[in-house]
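Biologist: Could we go through this model together, starting from its interior and working outwards to the strands?

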Amino acid sequence: MTTPRKQALPPKHIPQRRCVSCGQQRPQRELVRIVRLPSGEVSVNVGRKKLPGRGAYLCYAPECWEKALKRDRLSYALKGPVSPEDRQRLQEFAQGQLQQAPTSTTMGPQ
Ligand SMILES: [Zn+2]
(Lines give C-alpha, C1' and ligand atoms only; values in the text may rest on other atoms or scores of the structure.)
Protein backbone atom coordinates (compact mmCIF):
# COMPACT_ATOMS: atom_id res chain seq x y z
CA MET A 1 0.00 0.00 0.00
CA THR A 2 1.36 3.32 -0.95
CA THR A 3 0.34 6.47 0.69
CA PRO A 4 0.65 9.57 -1.40
CA ARG A 5 3.11 11.85 0.19
CA LYS A 6 1.61 15.09 1.29
CA GLN A 7 3.38 18.09 0.02
CA ALA A 8 3.64 20.52 2.82
CA LEU A 9 3.71 23.97 1.41
CA PRO A 10 6.13 26.27 3.08
CA PRO A 11 4.36 29.03 4.94
CA LYS A 12 5.42 31.76 2.63
CA HIS A 13 3.73 34.73 1.16
CA ILE A 14 0.20 34.04 -0.07
CA PRO A 15 -0.74 36.22 -3.00
CA GLN A 16 -3.70 38.40 -2.18
CA ARG A 17 -6.15 39.61 -4.75
CA ARG A 18 -8.97 42.02 -4.55
CA CYS A 19 -12.52 41.19 -5.52
CA VAL A 20 -13.60 43.72 -8.11
CA SER A 21 -17.08 43.72 -6.70
CA CYS A 22 -16.82 44.11 -2.95
CA GLY A 23 -13.22 45.23 -2.87
CA GLN A 24 -12.21 42.73 -0.24
CA GLN A 25 -8.75 41.28 -0.35
CA ARG A 26 -8.50 37.54 -0.12
CA PRO A 27 -6.00 34.82 -0.86
CA GLN A 28 -5.99 34.20 -4.57
CA ARG A 29 -7.30 30.67 -4.21
CA GLU A 30 -10.47 31.95 -2.57
CA LEU A 31 -11.30 34.01 -5.60
CA VAL A 32 -12.40 33.17 -9.09
CA ARG A 33 -10.33 34.63 -11.87
CA ILE A 34 -12.15 36.11 -14.81
CA VAL A 35 -9.98 36.79 -17.78
CA ARG A 36 -10.27 38.67 -21.00
CA LEU A 37 -8.50 36.48 -23.50
CA PRO A 38 -6.39 38.01 -26.24
CA SER A 39 -9.27 37.18 -28.58
CA GLY A 40 -11.46 39.58 -26.62
CA GLU A 41 -13.60 36.84 -25.19
CA VAL A 42 -14.25 36.93 -21.46
CA SER A 43 -13.88 33.61 -19.73
CA VAL A 44 -13.82 32.14 -16.27
CA ASN A 45 -10.39 30.85 -15.49
CA VAL A 46 -11.09 27.44 -14.07
CA GLY A 47 -8.38 24.95 -13.28
CA ARG A 48 -4.81 25.53 -12.40
CA LYS A 49 -3.69 26.85 -15.69
CA LYS A 50 -3.57 30.57 -15.81
CA LEU A 51 -5.12 31.87 -18.96
CA PRO A 52 -3.43 34.73 -20.74
CA GLY A 53 -5.05 38.11 -20.78
CA ARG A 54 -6.26 40.73 -18.39
CA GLY A 55 -7.71 39.24 -15.29
CA ALA A 56 -10.14 40.28 -12.62
CA TYR A 57 -11.09 38.48 -9.45
CA LEU A 58 -14.39 37.79 -7.78
CA CYS A 59 -15.29 36.09 -4.52
CA TYR A 60 -17.41 32.98 -4.52
CA ALA A 61 -20.21 35.03 -3.03
CA PRO A 62 -23.24 35.15 -5.35
CA GLU A 63 -23.89 38.77 -4.53
CA CYS A 64 -20.47 39.74 -5.75
CA TRP A 65 -21.18 38.17 -9.12
CA GLU A 66 -24.54 39.78 -9.31
CA LYS A 67 -23.14 43.15 -8.55
CA ALA A 68 -20.23 42.72 -10.88
CA LEU A 69 -22.48 41.76 -13.76
CA LYS A 70 -25.22 44.25 -13.09
CA ARG A 71 -23.11 47.25 -12.42
CA ASP A 72 -20.63 46.51 -15.09
CA ARG A 73 -17.75 46.34 -12.71
CA LEU A 74 -16.25 43.65 -14.81
CA SER A 75 -16.04 45.75 -17.93
CA TYR A 76 -14.29 48.34 -15.85
CA ALA A 77 -11.90 45.86 -14.31
CA LEU A 78 -11.24 44.17 -17.62
CA LYS A 79 -10.84 47.48 -19.41
CA GLY A 80 -13.40 46.82 -22.06
CA PRO A 81 -16.98 45.82 -22.70
CA VAL A 82 -18.28 42.44 -21.65
CA SER A 83 -20.54 41.08 -24.36
CA PRO A 84 -24.00 39.70 -23.56
CA GLU A 85 -22.76 36.23 -24.42
CA ASP A 86 -19.87 36.55 -22.02
CA ARG A 87 -22.18 37.85 -19.37
CA GLN A 88 -24.49 34.93 -19.89
CA ARG A 89 -21.64 32.50 -19.57
CA LEU A 90 -20.45 34.09 -16.36
CA GLN A 91 -23.92 34.02 -14.96
CA GLU A 92 -24.26 30.36 -15.77
CA PHE A 93 -20.94 29.66 -14.18
CA ALA A 94 -21.98 31.55 -11.09
CA GLN A 95 -25.20 29.63 -10.81
CA GLY A 96 -23.53 26.28 -11.25
CA GLN A 97 -20.46 26.94 -9.23
CA LEU A 98 -21.55 29.08 -6.37
CA GLN A 99 -24.23 26.72 -5.19
CA GLN A 100 -21.69 24.07 -4.42
CA ALA A 101 -19.16 26.46 -3.03
CA PRO A 102 -18.32 25.88 0.60
CA THR A 103 -20.06 28.10 3.06
CA SER A 104 -18.05 31.19 3.54
CA THR A 105 -15.21 30.65 5.91
CA THR A 106 -15.44 33.24 8.57
CA MET A 107 -12.06 34.33 9.63
CA GLY A 108 -11.34 36.21 12.76
CA PRO A 109 -10.19 39.80 12.73
CA GLN A 110 -6.71 40.21 11.40
ZN1 LIG B 1 -16.48 40.05 -3.39
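Biologist: Which residues touch the most other members of the largest nonpolar core?

Modeller: This is a predicted model, in which local features need pLDDT of at least 70 and side-chain atom pairs count only at pLDDT 80 or more, while totals for chains, interfaces and linings use all residues. Residues are numbered from 1 along each chain as its sequence is written. A nonpolar core is a set of buried Ala, Val, Leu, Ile, Met, Phe, Trp, Tyr and Cys residues joined through C-beta atoms within 7 Å, where buried means that 20 or more other C-beta atoms, placed from the backbone, lie within 10 Å of the residue's own. The largest such core has 19 residues, and those touching the most other members are C19, V20, I34, Y57, L58, A68 and L74.

Biologist: Which elements give two or more residues to this core?

Modeller: Helices (H or I, at least four residues) and strands (E, at least two) are DSSP runs numbered from the N terminus. The chain has three helices and five strands, in the order β-β-β-β-β-α-α-α from the N terminus on. The elements that give two or more residues to the core are β3, β5, α1 (62–70), α2 (73–77) and α3 (84–98).

Biologist: With which residues is L74 in contact, leaving aside its neighbours within four places in sequence?

Modeller: Contact here requires that the C-beta atoms of two residues, placed from the backbone, lie within 7 Å. With the neighbours within four places set aside, the partners of L74 are V20, I34, A56, A68, L69 and V82.

Biologist: Why is one side of β4 and of β5 left without a neighbour in the sheet?

Modeller: Two strands pair if DSSP finds at least two bridges between them, and β3 pairs in the antiparallel sense both with β4, over four bridges, and with β5, over six. The open sheet of three strands therefore leaves β4 and β5 at the edges, each with a single partner strand. One side of each has no neighbour in the sheet because the order is β4-β3-β5.

Biologist: Which residue in β4 stands opposite I34?

Modeller: Strand β3 covers residues 31–36 and β4 covers residues 42–45, and the two form a hairpin with five residues between them, where G40 in the turn has a positive phi of about 100°. Along this pairing R33 has N45 as its bridge partner, and V35 stands opposite S43. I34, one of the core residues named above, stands opposite V44.

How values were computed:
A residue is buried if 20 or more other C-beta atoms lie within 10 Å of its own, exposed if 12 or fewer, and partly exposed in between; C-beta atoms are placed from the backbone.
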